[in-house]
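This report goes through the structure shown below, taking up its salt bridges, the relation between its chains, their interface and the cavities in turn.

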Number of protein chains: 2
Amino acid sequence: METVTVELSERSYPIAIGAGVLDGLGERVRALRCGRRAAVVTNPAVASLYGASVVDSLESASFEPTLIEIPDGEEHKNLAWFGFLHDHMLQAGLDRESPVIALGGGVVGDLAGFSAATLLRGVPFVQVPTTLLAQVDSSVGGKTGVNHANGKNLIGTFYQPHLVWIDVHTLRSLPERQVRAGMAEVIKYAVILSPGLFERLEEGIECVMRLDDDVLVDVVRLCCELKAKVVSEDEREAGLRSILNFGHTVGHAVEVLTDYREYLHGEAIAIGMVFASRLSAAKGHCAGKTAARITALIRRAGLPTEIPDGLDGEVLAAAIKADKKVSSGKIKFVAVAEIGRTRFDHLTCEEIVADAGY
Amino acid sequence: METVTVELSERSYPIAIGAGVLDGLGERVRALRCGRRAAVVTNPAVASLYGASVVDSLESASFEPTLIEIPDGEEHKNLAWFGFLHDHMLQAGLDRESPVIALGGGVVGDLAGFSAATLLRGVPFVQVPTTLLAQVDSSVGGKTGVNHANGKNLIGTFYQPHLVWIDVHTLRSLPERQVRAGMAEVIKYAVILSPGLFERLEEGIECVMRLDDDVLVDVVRLCCELKAKVVSEDEREAGLRSILNFGHTVGHAVEVLTDYREYLHGEAIAIGMVFASRLSAAKGHCAGKTAARITALIRRAGLPTEIPDGLDGEVLAAAIKADKKVSSGKIKFVAVAEIGRTRFDHLTCEEIVADAGY
């Protein structure tokens, strides 16, 4: 297995990445020296695929796990399901030393993480991401939370996991649409931090999407390394870390305006990245050719690139304004300078929309 | 004004204590370099007494404050009101730099603090405690959260305020019962950490309860110093800090079993401290005389000392078991060794109840 460490002094933790390693989870969690009782939070689809093997692995390591299922979908990432998880965790008799294990994608990870962060003011937390998006992005870095009617992830906390356990084999059961959505975040890392990864994707993004073990372990590790470095330098998004929001300002707005139902998160981010790249070119931060390369790669991944029809500029600006990244009326917009390098531009929501030609 | 600092490296913050200083709040919050918009969370009774002067003070310092009222009482410290606060804060247009100010007692402080901790993953937070209990205890140390049907404060997080602003004049409007309840926590500090304070209370607890400015500022400062020192050494209750839970294991159970309606928090803690002192003597951790001195002082403060009639041992043990302080089936029980010194005893819930003679 490959291991990447997120360096955060006493909150440092390992990300372990391998192929066909789900069975080893229990033993590794045991090494965290937690209590006996454990909760595995997952959704029905993931439970039917991997629930039994995760529970078996935990039981073999002498845990007493309780499987708790929540429905899939961003629309369930809310306070009601947050309360549901607390109810079931307390009912299962979890105490301060009991690990909570998130088995699934971003919704499961964010909700289980927020619950683990707040149950008894914080219990051990383990991420076992089973989607590409969660493996390369949302399971690492400690962002947890729920959505609010006013916007995405508006309620939550920073809470670092104690371990991230990634089995790339779980991606084989993923619908192709989900793999594509995950590629959006892989492309994001390439655009903001790694010209090398960008060129590699330009050469053969199809290879990654074929899900060969070796290629996947390599790409997931690379993305985790990039993210780990950013998070180590700026855990709570006081500065640098906000580059990871590239494409997210408009992406979140698109998700909110379509009630989290029309687009997967990665698809909305793809639209947001194309928007951000074009805006970067329009504002003179990067060459038009750079924006065109980014757009072409996103299109090749089979991802959407355009704001949906019928979404007018004013509505979009209002949705952006509700985003938590607004400070004193302005957004710290992540612009592309060149492939692998970004620049911040402080813009009002109206400027963002108008300057992009909406 | 007197100032006590809670030393927590980059999360250090001042506790400012004075008499008649509420008007100075706005200017001091301005010095935190927050954004313009602000939320003041309070309850109707406190709002009618101090809401206007706090809002005026903030407006004079060019803030745009929104007053948000929540009903008083532990039974409202729940996820529903937590969501209510988020709704109103987002509606008021708060962003990441907007301060949330808790103006009230422990319920307001815990709920507003949990909301500030989780709004946009954390906004600046200021405690302006107006009860004795909140001034000497709950406003300092960063514990925030809500109750759960299974027990007190089971859901929450550690989130340090950026400033604690204490005006002892606000205690003059407090019903005498509330002052007594606050004295329970003052007595707690004396028992666990300060023989000097204990003797002073034995000499004239009535002087403190008369609420003279000088005496109050002095006693509140002393309690804050004691708490600040403990919190600085152990922010997240990994060890030492749990001595502050003296009397709380049984106190919380009594609150839960009476639906948070019969006793004020301090009254339940008074019962819990008497229980803990007697158990300490029964287990040989302290002399019987020590337990008797503690009980006598608590009685002199006009506080209850006995578990309510009709509460049987089995029910009590079950309620204790649901407390978040249980780890692997045992409670780290805070026993008295002598006035000013404690000792931990790891006991099962059944032992706690049986050995105390229930």
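## Salt bridges

Over all chains, a search of the whole structure, which is a predicted model, finds 50 salt bridges. One of the pairs joins A:Arg177 to A:Glu267, with the closest N and O atoms 2.7 Å apart. Because A:Arg177 belongs to helix H6 (residues 176-193) of chain A and A:Glu267 to helix H10 (residues 265-282) of chain A, this pair ties together parts that are 90 residues apart in sequence.

## Relation between the chains

A turn of 180°, with a shift of 0.0 Å along the axis, lays chain A on chain B with an RMSD of 0.0 Å. That is the relation of a two-fold axis. The same surface serves both copies, in that 100% of the contact residues of chain A recur in chain B. Among the residues of chain A, the one whose C-alpha comes closest to the rotation axis is A:Leu79, at 4.0 Å.

## The interface

Where chain A meets chain B, 34 residues of chain A are in contact with 34 residues of chain B. The two chains bury about 3,000 Å² between them, and 52% of this area lies on carbon and sulfur atoms. On the side of chain A, the residues that lose the most area to chain B are A:Arg96, A:Arg121 and A:Lys324, which together account for 27% of what that side buries.

The rule finds 2 salt bridges across the interface of chain A and chain B. A:Arg96, already named among the residues of chain A that lose the most area to chain B, forms a salt bridge with B:Glu237, the closest N and O atoms being 3.5 Å apart.

## Cavities

How many cavities of 30 Å³ or more does the structure hold? There are 4 of them, and the largest has a volume of about 60 Å³.

The lining of this largest cavity includes A:Asn150, A:Gly151, A:Lys152 and A:Leu154, and also A:Thr249, A:His252, A:Ala253 and A:Val256, while A:Ala319, A:Ala322, A:Asp323 and A:Lys324 belong to it as well. Strand S8 (151-158) and helix H9 (248-257) of chain A each supply at least two residues of the lining, and the largest share, 4 residues, comes from H9(A). By character, the lining residues divide into 5 nonpolar, 4 polar and 3 charged. A:Lys324 thus appears in two settings, as a residue of the lining of the largest cavity and as one of the residues of chain A that lose the most area to chain B.

Notes. Residues are numbered from 1 along each chain as its sequence is written. Chains are lettered from A and ligands numbered from 1 in the order in which they are written. This is a predicted model: local features need pLDDT of at least 70, side-chain atom pairs count only at pLDDT 80 or more; totals for chains, interfaces and linings use all residues. Side-chain values use heavy atoms; hydrogens and water are left out. Copies are superposed by least squares on the C-alpha atoms of residues with pLDDT of at least 70 in both. Contact means heavy atoms within 4.5 Å. On a 1 Å grid over the protein atoms alone, a cavity is a set of points where a 1.4 Å probe fits but cannot get out, and a pocket is an open set with protein on both sides within 12 Å along at least five of seven lines; lining residues have an atom within 4 Å of a point. Grid points are joined across faces, edges and corners, and a volume is the space filled by probe spheres set on the points. Ala, Val, Leu, Ile, Met, Phe, Trp, Tyr, Cys and Pro count as nonpolar, Asp, Glu, Lys and Arg as charged, and the others, Gly among them, as polar. Buried area is the accessible area (1.4 Å probe) that two parts lose on being put together, summed over both. A salt bridge is a side-chain nitrogen of Lys or Arg within 4 Å of a carboxyl oxygen of Asp or Glu.
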